[in-house]
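Student: Can we go through some charged pairs and a helix packing together? I'd like to see how each label gets earned.

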Amino acid sequence: MSVGPRTSPARDGSPLLSRISFRPVVVVAGVLAVALILAGAGLWFSRRGNVENGGEPSRAGGRRTELTPAEFAVNGPVTRTLTVLGRRWDSERMVTMVELLVRPPQDAVELSVSMDPTRDRWQPAGTASVTITLDTPHAGYQMALARYRDDEGRLLEGDAVGFDVAHGSADSTGFKAARVGLAGPRQVVIHLKEGRTERGVIQPFELEQRPLPVGEGERHDPVVDEQGTLLGLPVSTRPDLIRTYDRFDGERLDVDVLESRGWTISSSTDERYRQARSVGEVHVFTRPAGGGLDSDQESFWTRVHDVVLEVPEPLSTGHSYTVEPPSDAVAVDGSDIGRVGGSASRSIRFSLDEQSTVSPSIRLNQLGYAPGDRPKSAYLDRWLDGVGDLDWLSSSGPADPQQEPIRFEVRRVGDSGPAVYTAPVPATTISSAAVSAAIPDEIPPPIELDFSSVDETGRFQVCVSALGCSLPFDIGEDVWRRAAVTVARAAYHQRSGLELGPPFTAVNRPRGYHPDDGETVEASAHTMAMARANPGSDFDDLAAGGTGELVDDAWGGHFDAGDWDRRIDHLYYTRTVADLVRRYPATVASWRLNIPESDDGVPDVLDEGLWSLDLYRRMQRSDGAIRGGIEASEHPMYGATSWTDDLAVYAYEPDRWSSYLYASVAAEVAHTLGPYDRGRADDYLQSARAAMEWAESKAAEGAGTDPSGEAEPQRNVAAAALLLATGEERWHRLFIETADYLEPGADTAMSCHVHTVCDAAWLYLEAAGRESLPPGDAEIDGERSGDSPRFEPDTAVVAELRGRFLASADELLEAAHEHAYGWTTEHPDVPLIWGLGAGGAPKGAGLLKAYQLSGDERYRRAVLRSASVGLGANPLGQVFLTGIGHNPVRHPVIIDNLNGGIPLWPGTPVYGFHDLGWGPDDDWAVEYFLRPAGARPDPDELPYLWQWYDLNSMPFFNEFTLHQSHAEALRVFATLHATRGDHGGG
């Protein structure tokens, strides 16, 4: 939920972060201040949502009174024309093959079934059902979309179906060794997955009369029947709904026993191991991954274990081995640790193939690259505490003249022929630079295996002799487009006020927060500017400011994160997609995302951004004022969903900051939309002017309070946007007047995550014309950015702003060179918390703007390297997005998924790594979750690039926001695609 990030600077670009960006001396003070704020954020999660507020929460009346039980059966969508027959893992090609049965509508003469909505593959429909097989290299939840058309080429209603892809997992009868590989020639890594969670569901409550809850009657207390049996949890004040408990499915492993001596290894083919030999040191790395609340009201966790065995002599490829665990390592209740051919066995058997066995020490971007991308790299890295160290390279590699150098190869998956590229493994790590003091416990840099010259297309692995291979990846023209489209469609699933389902998605979700369902939104006297200035008291102040007045048409927008508030910060997503459409109309604007607006003549990515903008336009007062968002009276009830929650909902009172922000985005959208829909563009421009005039009138009256200190910077952005949209000298004068960052001695950092100087400067450069900001990939009909301005630009200001973008990007490059794996930030001094560091959304806005201004490939390469970190090139081998790559996030903080049975759609970027040592108030996470879950080593002892757990109870790891996560990931992936070397491609 948004409780944590909402109160942190990472979320909202608060004045604190602005000052962090400008003055290092303020960083320490800001860190301490935000640490105190985050204390309350963590407490909510440590108590499973049990907010102690001294009384019952206020409720909205009359909501969702007519929902039927069928509306809660959201698992397993019933499709009309498309059905999954089965799926199987093709181990040779390393893809999952999904077999689909298609029953075309009666009038269909052609059909197209694809997992990519932007690519139609039409074929004759025939008169009977047809079977189609699709391949996917990705794990997690995936979707297939079907489209049909008749003999006149008209589209008929389509369909969608979803399915989960898992590459090895535990089952209820035993433990599978999901993966066995080498961390070094003498270090065997056995990856075990322990159990899985069967989630409770929301269902009708069938007792004639609701029994009293257990305990003191708090809203989270369990419901029992007359015999005292725990039935589940209430999800609202409605007496006819309940959420059943979660259940752990599987057996538990005794980790202490796993870590004990007593393991043996033998081989029928390797003479050195004909007789079973004892294993030396044993290291166990345990990470909780998902979990739930059982019927005893106790939290439980599923876990993954990496058991590292130090064997007596190096193992050899081409041989098979058998590992026997200690006799007592058999799981409780007689379950077996290994399974062979479907029959129970304590043994773990594996073969080592230099051209296929996956080594956990080789990490890379699991998505892939465009052919011309530079760099393309894999990384050879050590584990913690000397586990998987790289000493073996120097003892038997390049440092030893008597031995052949250790080499690495790039091989096509499943191809036993010659490698497409071969080179020696470098003898040194990628950098000897001193580690920045800003990086907590940074790991030593890895060895980079550069294969940038490989421009062939296909599916590949990087293999290291005597070790094994990486996970597979693709090289292809559409790699980055597919990632961008997946993220853009994930944003569609964040929509509020809309029922989800076929033909647009396989995810079935009832509509929530819509006035036709009885939803009411009350006006509050509390402003968003006040909330940003004092985030810790947001709920209380918002409810206390209730006026009794209802706000009409307060529906729509995008859910903020995993829960359901809507905040005006989301308009930064709208700004991002508008900029992408203007920069790359021949690429981004052509993508069909299969959303309800796909045939309205407006680019789909822009339509998605308008879903948020239109919420604020509907709520705009007659005097032009803009409200800062919609928020409930407190955090959601544990077990609730967006369509069952019945907390009171409030709209913030308008303020100058919100009105300036809206005016800037609405004006920018008007400029972007003109070539596609002039009538709508004029409406947005009129609305932007009204918001701007209201905010300006309040500034002139001295009545526009600015408790957060953010109104004036946003005023500057709004002036630049209106200048871009209108070319009026009035806005030019206001822009220059309010650009205090141009004064002598002002900080020159652009800090694009703060959305002030960076946004304003970029809009001004575009308004100044083509020579200031070159156009993107192609022209479009009608008006477009880069046309000659209707005012006289200040050439000195243009030169200054261009220079600052480049200088700021150079500073970011220098900082990135000090980071293992080369991940980037938007300012070198930001705290590595709540998504500001390495994670699912690469921090590339400032660098990409410098690249677009200069064409200097250094900036694009830095962003490409940083994007690869979030896509698997990190010590955990983790992809920080759902449904992408071989090892995606599976437990993000999405409450509808956790409580309502909603499938976990692909494309959601999560925050990623979070520095647990940043402030003292993260202790709750370690004390209440990570240690009880059995995390090993102790989380407090881990370096930064190991501090992440796939837990839905950890918002600073696994939450996200539309503007901070989706917008930035989409910006990077779309730009990497559009600039891959063929600017005409789409």
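Tutor: Sure! Keep in mind that this is a predicted model. Let's start with Glu712 and Arg656, whose side chains meet in a salt bridge.

Student: What makes the pair Glu712 and Arg656 a salt bridge?

Tutor: The N to O distance is 3.0 Å or less in some pairs, but let's stick to the rule: the nitrogen must be within 4 Å of the carboxyl oxygen. For Glu712 and Arg656 the N to O distance is 2.7 Å, so the pair passes the cut-off.

Student: Which parts does this pair tie together?

Tutor: Glu712 sits in helix α14 (residues 711–726) and Arg656 in helix α12 (residues 656–673), so the pair links parts that are 56 residues apart in sequence.

Student: Why is Glu712 called partly exposed?

Tutor: Its relative accessibility is 33%, and partly exposed covers what lies between 20% and 50%. So Glu712 counts as partly exposed.

Student: And why does Arg656 count as buried?

Tutor: Buried means under 20%. Arg656 has 7% relative accessibility, so buried is the right word.

Student: What about Arg858 and Asp810: what makes them a salt bridge?

Tutor: Same reasoning style: the cut-off is 4 Å, and their N to O distance is 3.1 Å, so they meet in a salt bridge.

Student: Where do Arg858 and Asp810 lie?

Tutor: Arg858 is in helix α19 (residues 857–870) and Asp810 in helix α17 (residues 795–816), so this pair ties together parts 48 residues apart in sequence.

Student: How do you know whether Arg858 is buried or exposed?

Tutor: Neither, really! Its relative accessible area is 43%, so Arg858 is partly exposed. Asp810 is partly exposed too, with 32%.

Student: Now the helices. Why are α18 and α19 called roughly antiparallel?

Tutor: Their axes cross at roughly 150 degrees, and angles over 145 count as roughly antiparallel. That's why α18 and α19 get the label. The axes also come within 8 Å, and the crossing is left-handed.

Student: Which residues meet there?

Tutor: From α18, they include Leu847, Leu848 and Tyr851; from α19, Tyr859, Ala862 and Val863 are among them. By class, the contact has 7 nonpolar, 1 polar and 2 charged residues.

Student: How many salt bridges does the rule give?

Tutor: The count comes to 65 salt bridges. One of them joins Arg495 and Glu597, at 3.0 Å, N to O, and both of these residues are buried.

Methods: Residues numbered from 1 in each chain as written. Predicted model: local features only at pLDDT ≥ 70, side-chain atom pairs only at ≥ 80, totals over all residues. Heavy atoms only, no water. Buried < 20%, exposed > 50% of the residue type's maximum accessible area, 1.4 Å probe, protein only. Helix = DSSP H or I, 4+ residues; strand = E, 2+ residues; numbered from the N terminus. Axes fitted to C-alpha atoms, helices over the stretch in contact; angles between N-to-C directions. Parallel < 35°, antiparallel > 145°, perpendicular 65-115°, else oblique. Left-handed = near helix turned anticlockwise from the far one by under 90°. Contact = heavy atoms within 4.5 Å. Nonpolar A, V, L, I, M, F, W, Y, C, P; charged D, E, K, R; others polar.
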